[in-house]
Amino acid sequence: MRKLSLILLLSFVLILVTACSDTEANGEGSSSDKIKLDMWVFGSTGYEKLADEYMKEHPNVEIKIQSTQFDDHHNALFTALSAGSGAPDIAMIEVNNIERFRQAQDRFHNLYDLGAEEVKDDYLDWKWRLGENADGTFLYGLPTDIGPTAMFYRVDVFKEAGLPTDPESVKKLIPDWDAYAEVARIIKEKTGKPIADNYELIYNALRDQAPVQYFNNEDELIIEKEPYIKAAYDYTVDLIQKGYVGDNGLWTPEWGAAMDKGSYATLLAPAWMQGVVKGNAPNSSGKWMITGMPGGAGNWGGSYLTIPKETKHPEEAYKFIQWLVAPEQQLKSFKEMGLFPSTPSIYNDPSFKDYSDDYFGGINTAQVFAQSAQMVQTVYMGKNYKVVQAEIVNALTNVSKKSADPEKEWKAAVKRIKRQLERQ
Amino acid sequence: MVPQSKAKALNMKYSIAKRLTEKQKTSIAGYLFISPFFLLFAVFGAFPMIFSFYLAFQKWNGFGEMTFVGFQNFNFIFIDPVFWKSIYNTVIIGLLGTVPQLIAALILAVILNSVLVKMKSFFRVAYFVPNVTSIVAVAIVFTVIFNEHQSGIVNATLGLFGLSPVNWQTSEWGVKIAIATMIFWRWVGYNSIIFLAGLQSIPKELYEAAEMDGAKKWQQFLFITVPMLKPIIIFVVFTATIGSLQIFAEPLIFSGSGFREESITIVLYLWREAFSNNAFGTASATAVSLFLLIIAFSVINVLMSNRLGKTGNIRG
């Protein structure tokens, strides 16, 4: 009996082993006649539909798109690239996250080698630059959508404060940050409401308008040398201390609820925030409008399509992504999913020129964001961008919630940042 | 072709099997049966453990070359006040989360074990449910309950009693109490089920004898139940200690990825180093430090429970 069970077990193991090798061999065989491309994306891009369209035109290509949650997606990609196996043929990377992949340049195909130079002029210059390495010889990814920022404002709050309400006049009323602070004072006095619900967005808006941010091209921390970030911090602190800014954390339920209640006056946010506002404030149709931001514009969000080195079909993968983010397809993505295009030629398209959104008072929101898109500063963010951002926001939180001394908080934040940077 | 080779291989195996003694065959079969666990453990358990000891002495960003840096990583974290703060936070949250919880679990178990309670199996399941709930879901729900805003459930309740709202996510004690409450809710049922199992193994005669001698209910609890439960109590304290040293998901979701100093725990500190800052060297150094810390706590536990066993053994 025992002998029998031993034999059974051994043969079972043997069958397993041979079975495994069989399927592997088969897998190799069938993939040679059809090119399989695995693609990882996050969120809802609507790329599945476009991929179907592409596959119809190119029957020899099979594209499989896998969509995961934002953080999981980037962590999984990081792990796969670090391990050297398991990465897809095409991977989407968000603009802030691309910074942490900069040190992995050797794990990606240089898209300049695959012919990306040809399409460079189709895209916004600043967007293209963010997908390159510091000296512009290596291109990580082709641009997908962008997140140009503008100023959302509550018409009812402005009216209550006795201020003009149409986008043109509001833009004239608040051309720069001094005017923004002055309007904050008026709104606070007349209505008791804050100008913004969250200090982080004000700080981000100012940061985005700085000619340099946290690091120079050599990845050296420059926030102590250059005045811009400290100035953005000081300005935000000033508004916090005067009580002009609310303290609801981004993405909290209160923050969302306040959008509908109209408990604050402005929201400095990117194009994709339109969907967030509509979702959180279903009863506020016509109460939110959008105009240009004080002092210029910035960008928050948007992605790139990259091709990891592991792929067996770099040419085919490149052909597909070049098609996917070409102006014609970006226009489709804009119409169906609201992804804001990174190809300025679309901004003159009739569907862009005649666009209007009833929720935002029937104004042409697409045109507002197209204008901001062309004003965004080209800036180098640096691979440790997130470390610095998190610590500065912590400092601002302490100033807001604990009435901490802003100078001490700034120094403590810089100390924490430096301590983390020396470890990599 | 395939079946032929298989048959050949089978024959070969068969002849090997013939040559082995009965005892060898038994042990081979035994090893084969336990091998799946050991193979998986070697790959996913033992290797990463050993590798993190190696990594603790390297500088590595996850992609490039590793460079040997000696004890520099340990130096980095030991001079970092945030690291020490994370240990302090872990211990405080652990104490807040486990001490009241174990006492409550014991009381719950005694109530469940008493003859007065009806629908026992319903309560047993009900108590256990929090433990199998997704930890992420729990943390999100508690984030809503312990909201910083005045309209948050807990703050609104405090307001009814005329108390001022608490900054649950950013104040030193608020965040610790909120996280400890999450741990309490999640584990109190699990531990009371374990206590219940222990209670049911205590012979009924002891209680009958005590009753004859005129012992009151609380005396029975203190002088029979607690001493008889000693092994269970030691086990529960052990696992709770180790578990609370590894608190991670609750603070991560509760206070977001800003890694604020009020709520950062050791494992969260480790995670920040590795997966937010790409500093795998210091992350591994933190892991090694945590390993040593757990050993230290376990030794203290063992010593204390040994002592308990000597002095408190009423029956013996």
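Where does α8(B) bend, and by about how many degrees? I started my notes there, keeping in mind that this is a predicted model.

**Entry 1, the helix.** I found that α8(B) bends at Trp187(B), by about 40°. I then checked the span of this helix, residues 172–200 of chain B. Its 29 residues reach 42 Å from first C-alpha to last, close to the 42 Å expected at 1.5 Å a residue.

**Entry 2, the cores.** Next I looked up the largest nonpolar core, which has 124 residues. Phe152(A), Ile195(A), Ile202(A) and Leu268(A) touch the most other members. My helix turned up again here: α8(B) gives the most to this core, with 10 residues. In chain A, both domain 1 (34–146 + 301–353) and domain 2 (150–299 + 369–421) supply at least three residues each. I also noted a second, separate core of 37 residues, with Val41(A), Ile63(A), Leu130(A) and Leu305(A) among them.

**Entry 3, Ile195(A).** I listed the contacts of Ile195(A), leaving aside neighbours within four places in sequence. They include Val183(A), Ala184(A) and Ile187(A), as well as Tyr244(A), Tyr264(A) and Thr266(A).

**Entry 4, strand β5(A).** Thr266(A) led me to β5(A), residues 266–270. Here 5 of the 5 residues are buried, so the strand is largely enclosed by the rest of the structure. I looked at both sides: Thr266(A), Leu268(A) and Pro270(A) point one way, while Leu267(A) and Ala269(A) point the other. That fits the rule that side chains in a regular strand alternate between the two faces of the sheet.

**Entry 5, its partner.** I saw that β4(A), residues 141–154, runs antiparallel to β5(A) and is joined to it by 5 bridges. Phe152(A), noted above for the core, has Leu267(A) as its bridge partner in β5(A).

How values were computed. Residues numbered from 1 in each chain as written. Chains lettered and ligands numbered in written order. Predicted model: local features only at pLDDT ≥ 70, side-chain atom pairs only at ≥ 80, totals over all residues. Helix = DSSP H or I, 4+ residues; strand = E, 2+ residues; numbered from the N terminus. Expected span 1.5 Å × (residues − 1). Bend = angle between axes of the 7 residues up to and from the residue. Core = buried A, V, L, I, M, F, W, Y, C linked by C-beta atoms within 7 Å. Buried ≥ 20, exposed ≤ 12 C-beta atoms within 10 Å, placed from the backbone. Domains from an automatic or database assignment. Contact = placed C-beta atoms within 7 Å. Pairing = 2+ DSSP bridges.
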